[in-house]
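Student: Hello! Please show me this structure, and tell me how each term you use is earned.
Tutor: With pleasure. Here it is.

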Amino acid sequence: MKPAAFEYVVAESIEGAVAALAEARGEAKIIAGGQSLVPMLNFRLLRPAILVDINRIPDLAYVREEPDAIRIGALTRHHQLETSPVIARHFPVLREAMTHVAHLAIRNRGTIGGSLSHADPAAELPMMALLLDAALRVVSGTGARAVKARDFFQDALSVDLAVDEIVTEIMLPKLPERTGWGFAEVSRRSGDFALAAVAVTLALADRTISEARIAMTGVAPTPRRVREAEALLVGRRVDCALTKEVVGLVRAATEPQTDLHASADYRRHLVGVLAGRALSAAWQRAEAA
Ligand SMILES: Cc1cc2nc3c(=O)[nH]c(=O)nc-3n(C[C@H](O)[C@H](O)[C@H](O)COP(=O)(O)OP(=O)(O)OC[C@H]3O[C@@H](n4cnc5c(N)ncnc54)[C@H](O)[C@@H]3O)c2cc1C
């Protein structure tokens, strides 16, 4: 299939991009890496009248360290995140997740802003944004606003973005000093979207957990945090009995779908197994930290 005809606008600035979006009144789409948008155009699932290309906007691809946070430009490619020493040092869980996103050729083009705005229910980056308490900077012709990741993802392929808004930056607050992490994913083939994936961070104070975070993808319309399990872990040390309780809470927090790749029951079972593995890895790393 070929896409329906569209006009093509190259934005040279953020102001130019949002002006083009506002003028099109919902008939335009931004194109960043094109790795999700182009297949949707080719299958004619989308027929925008105008594509606004943001690839030539200067200074929109960066990983910047600040005392308490890391700021990532929306046009930063997946491969840049995978190979960034700053990401490896502060968010090794994110670096690990990036190796599971598609194939290298796609990671060379796909952008963090595109992945978060597209919000595929089985994508890794929305789950990581939720896990890491990200805040997104969203700009329109009338100004800028910050949106927490937990408010951004509304439904499958649906986010808190108006038709004239663009994501320009993702802010990740640094994690506490003694934080361990775990990441576990199963997909049918390497590079495929996840059937299910779980990411865990555990911060320790003295010898017990002071902060726990558990996020999952592939098992609900949006990525989810498992707040009940997180609360259960605080003040405790991980052992078999506690892991079993956490796995039960993780499975209960899912809303999986049956599709041609896996049944809902299989996904629910799988996500529990993955949660156990990610929790165990996070606990071992936290204790060793
Ligand atoms: C074969 C294949 C396998 C894949 N496997 C995976 C996988 O395993 N895991 C995974 O997470 N992803 C996977 N992807 C998707 C890939 O990661 C995409 O790159 C990503 O989802 C979209 O990023 P993009 O920059 O290409 O966005 P685009 O395709 O350019 O845009 C996607 C959507 O986001 C909007 N958009 C883009 N940038 C912005 C912005 N800055 N502000 C507001 N809206 C914006 C666009 O208008 C469009 O609606 C796969 C893709 C392919 C083709």
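Student: How do the residues of the lining of the second largest pocket divide?
Tutor: They divide into 9 nonpolar, 3 polar and 6 charged. Here Ala, Val, Leu, Ile, Met, Phe, Trp, Tyr, Cys and Pro count as nonpolar, Asp, Glu, Lys and Arg as charged, and the others, Gly among them, as polar. Before we go on: this is a predicted model, where local features need pLDDT of at least 70 and side-chain atom pairs count only at pLDDT 80 or more, while totals for chains, interfaces and linings use all residues. Residues are numbered from 1 along each chain as its sequence is written, and side-chain values use heavy atoms, with hydrogens and water left out.

Student: What volume does the second largest pocket have, and which residues are the closest to its centre?
Tutor: Its volume is about 470 Å³. Of the 18 residues that line the pocket, D120, A122, D259, H261 and R267 are the closest to the centre. Domain 2 (63-173) and domain 3 (179-288) each give at least three residues to this lining; the domain bounds come from an automatic or database assignment.

Student: How many cavities of 30 Å³ or more are found in the whole structure?
Tutor: The search finds 1. The largest cavity has a volume of about 50 Å³.

Student: What makes one space a cavity and another a pocket?
Tutor: On a 1 Å grid over the protein atoms alone, a cavity is a set of points where a 1.4 Å probe fits but cannot get out, while a pocket is an open set with protein on both sides within 12 Å along at least five of seven lines; lining residues have an atom within 4 Å of a point. Points are joined across faces, edges and corners, and the volume is the space filled by probe spheres set on them.

Student: Which residues line the largest cavity?
Tutor: Its lining consists of L94, I112, L125, M128, A129, L132, A134, I170 and L172. By class, that is 9 nonpolar, no polar and no charged residues. Helix α8 (124-131) and strand β10 each supply at least two of them, and the largest share, 3 residues, comes from α8. (Helices, H or I of at least four residues, and strands, E of at least two, are DSSP runs numbered from the N terminus.)

Student: How do you know that α8 is mostly covered?
Tutor: By counting: 8 of its 8 residues are buried. Buried means under 20% relative accessible area, exposed over 50%, and partly exposed in between (1.4 Å probe, protein chains only). The buried residues of α8 include E124 and M128. Just after the helix, D133 takes a positive phi of about 50°.

Student: How does Q35 count, at 33% relative accessibility?
Tutor: Set 33% against those cut-offs and Q35 counts as partly exposed. Q35 is found in the loop between β2 (28-31) and α2 (37-42).

Student: What makes a nonpolar core, and how many residues has the largest one?
Tutor: A core is a set of buried Ala, Val, Leu, Ile, Met, Phe, Trp, Tyr and Cys residues joined through side-chain atoms within 4.5 Å. The largest has 40 residues, and L94, L116, M128 and F183 have the most contacts inside it. Helix α8 gives the most to this core, with 6 residues. Domain 2 (63-173) and domain 3 (179-288) both contribute residues, so the core lies between them.

Student: Why is strand β10 called largely enclosed?
Tutor: 6 of the 8 residues of β10 (residues 166-173) are buried, so the rest of the structure largely encloses this strand. Strand β5 (residues 69-73) joins β10 through 5 antiparallel bridges, and β6 (residues 135-140) also pairs with β10 in the antiparallel sense, over 5 bridges. Two strands pair if DSSP finds at least two bridges between them. In β10, I170 is the bridge partner of I72 and of L136.

Student: What makes β11 and β14 edge strands?
Tutor: β11 (179-186) and β14 (224-225) each pair on one side only. They belong to an open antiparallel sheet of 4 strands, in the order β11-β12-β13-β14.

Student: How many bridges join β12 to β13, and β13 to β14?
Tutor: Strand β12 (residues 196-205) is joined to β13 (residues 208-217) by 9 bridges, with A203 partnered by E211. β13 and β14 pair over 2 bridges, which just reaches the at least two that pairing asks for. M216 stands opposite R224 in β14. As for burial, 7 of the 10 residues of β13 are buried, so it too is largely enclosed.
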